[in-house]
Amino acid sequence: LFFFLFLAGVGAIYLLYLFFNAGATVTIEPKQRSVVINKSFMAKKNPQENELGFEVINLNETQKKSVSTTGEKKVEKRARGKVVIYNDYNSQPQRLIKNTRLLTPDGLIYRIESSIVVPGQTKKGNVVTPGSIEIEVAADEAGEKYNIDLTDFTIPGFKGDPRYEKFYGRSKVPMTGGFEGTIKTASALDIELARKELMITLKDKLTNRIKEQVPNSFILYDKAIYISFESISSDESSEVEIKAVVNAVVISKEQMARNLAKEYIDDYRDENITSNYFDKLAIEPDPKEGSPWQTGVFPFALSGATTLTYVIDSEKLKEDLLGIPKNLVNDIYKNYSGIEKAETSLIPKWKSALPEDRGKIKINILGAI
């Protein structure tokens with residue numbers, strides 16, 4: 001009796017196993033093609049249909065580094081400020097050329113830094129308003145004596161002319177920045193070493209940050225990372241400041257795979273295809289196109305060997321297999337040109353058809369990306 005009870009228990013456990021594990025497992029070996037590449041391509045920022053496209057990831061960062069002031073430097077700086085020039089002479093505009101002199105009541109001379117046109121008077125009713133324009137001026141010489149508060153200016157070039165009394169200037173802000181003397185400064189060597197150190201640090205940091213932002217569906221090559229540096233600090237500063245700007249060109253793996261398949265696989269018919277090995281290829285951007293994010297084109301040469309793998313739509317395959325008799329599943333697989341080989345196993349094994357419930361069909365794709 002005990003033996004029969006034992007057998008009944010084992011049988012019940014087996015039936016429960018079949019109940020909870022019943023279903024189908026489909027193992028797919030996708031079609032793969034190895035290709036050896038040595039070809040030039042043209043990716044575009046705004047591609048047309050069937051053209052290879054690219055996207056750009058942009059980052060920038062600024063870093064500073066203090067440098068000890070172990071040296072001295074003679075400095076000559078001219079005071080600067082803004083002045084409003086008025087034309088109360090007539091309604092005609094008046095051109096003043098670059099370096100026109102402006103004179104203060106104390107005899108200090110400042111010059112305009114670019115040619116300007118001062119508008120003429122305007123009249124509204126009986127009210128006449130002088131024309132005016134705001135400009136930047138610089139002291140005629142270096143030195144602190146040119147650092148002055150708000151003042152008025154005449155134009156000595158008009159002296160002896162009726163315009164002399166009617167053209168004048170007034171400070172918009174005080175004149176500042178004038179200096180002549182010796183200051184403590186970092187040596188040129190220390191500044192250059194600090195700049196190089198900051199550039200290396202910024203390059204490594206931003207390159208790593210860029211790579212972290214690349215989606216899994218895109219490929220980024222090191223040679224498609226463009227870094228530029230800008231020195232923000234002045235040579236007299238004891239603090240070196242560098243700004244780095246990174247533009248990285250990334251290409252869709254699917255688009256790349258499709259372009260390669262069209263070129264290298266004779267029987268390719270625009271199926272979904274990709275690769276796990278694009279990083280094994282060598283890229284050489286065209287040096288004549290140094291800023292793809294601005295030009296909108298990214299010409300490059302690609303070389304090396306890679307494997308292209310056809311992509312199987314597992315959800316659609318499940319749908320097509322629902323309730324299909326086991327002896328007809330191969331007819332379903334033949335509809336998928338990307339399938340190299342497929343094996344179907346059923347639980348329990350005596351089942352003659354696949355489940356009607358898609359949740360009981362499991363698709364394993366070997367080497368799936």
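Student: Which strands does H3 lie across, and at about how many degrees does H3 run to S16?
Tutor: The model here is a predicted one. In it, helix H3 covers residues 253-264. H3 lies across S15 and S16, and its angle to S16 is about 50 degrees.

Student: In what order do the three strands of the open sheet stand?
Tutor: The pairing in this sheet is antiparallel. S3 and S15 each have a single partner strand, so they stand at the edges, with one side of each left without a neighbour in the sheet. Neighbouring strands are turned by 20 degrees against each other on average, direction ignored. The order is S3-S16-S15.

Student: How many bridges join S15 to S16?
Tutor: The two strands run antiparallel. One bridge can be named: Ser-228 has Val-245 in S16 as its partner. The number of bridges joining S15 to S16 is ten.

Student: Which strands does H2 touch when it packs on the sheet?
Tutor: H2 makes about 145 degrees with the direction of S3. The packing involves its buried residues. Among them are Ile-191, Leu-198, Leu-202 and Ile-210. The strands touched are S3, S15 and S16.

Student: What distance does H2 reach from its first C-alpha to its last?
Tutor: H2 spans residues 188-213, a run of 26 residues. At 1.5 Å a residue, 38 Å is expected. The model comes close to that, at 37 Å.

Student: Which element gives the most residues to the largest nonpolar core?
Tutor: This core has 47 residues. Elements giving two or more residues to the core include H2, H3, S2 and S19. With eight residues, the top contributor is S16.

Student: Which residues have the most contacts inside the largest nonpolar core?
Tutor: Take Leu-302 as one of them. Beyond its neighbours within four places in sequence, Leu-302 is in contact with residues including Ile-37, Phe-41, Tyr-221, Met-256, Leu-260 and Ile-283. The residues with the most contacts in the core are Met-256, Phe-278, Phe-298, Phe-300, Leu-302 and Leu-308.

Student: How many residues does the other core have?
Tutor: This core lies apart from the largest one. Among its members are Leu-102, Val-118, Ala-139 and Met-175. Its count is 20 residues.

Student: How many bridges join S2 to S19?
Tutor: S2 covers residues 32-44 and S19 covers 297-310. They run antiparallel. Ile-37 stands opposite Gly-304 in S19. The bridges joining S2 to S19 number 13.

Student: Over how many bridges does S18 pair with S19?
Tutor: S18 holds residues 282-285, and its pairing with S19 is antiparallel. Glu-284 stands opposite Ala-301 in S19. S18 and S19 pair over four bridges.

Student: Which residue of S19 does Ile-273 stand opposite?
Tutor: Strand S17 is made of residues 273-274. S17 pairs with S19 in the antiparallel sense, over two bridges. Opposite Ile-273 in S19 stands Tyr-310.

Student: Is Thr-309 buried or exposed?
Tutor: Thr-309 lies in strand S19. Its relative accessibility is 6%. Buried means under 20%. At 6%, therefore, Thr-309 counts as buried.

Student: Which residue's side chain does Thr-309 join through a polar contact of 3.0 Å?
Tutor: Look at the surroundings of Thr-309 first. Leaving aside neighbours within four places in sequence, Thr-309 is in contact with Pro-30, Lys-31, Gln-32, Ile-273 and Thr-274. The side chain that makes the 3.0 Å polar contact with that of Thr-309 belongs to Gln-32.

Terms used: Residues are numbered from 1 along each chain as its sequence is written. This is a predicted model: local features need pLDDT of at least 70, side-chain atom pairs count only at pLDDT 80 or more; totals for chains, interfaces and linings use all residues. Side-chain values use heavy atoms; hydrogens and water are left out. A nonpolar core is a set of buried Ala, Val, Leu, Ile, Met, Phe, Trp, Tyr and Cys residues joined through side-chain atoms within 4.5 Å. Buried means under 20% relative accessible area, exposed over 50%, partly exposed in between (1.4 Å probe, protein chains only). Contact means heavy atoms within 4.5 Å. The expected span of a helix is 1.5 Å times one less than its number of residues. A polar contact is a pair of N or O atoms within 3.5 Å; within protein, one must be able to donate a hydrogen and the other to accept it, and residues adjacent in sequence count only if both atoms are side-chain atoms. Two strands pair if DSSP finds at least two bridges between them. Axes are lines fitted to C-alpha atoms, for helices over the stretch in contact, and angles run from 0 to 180 degrees between N-to-C directions.
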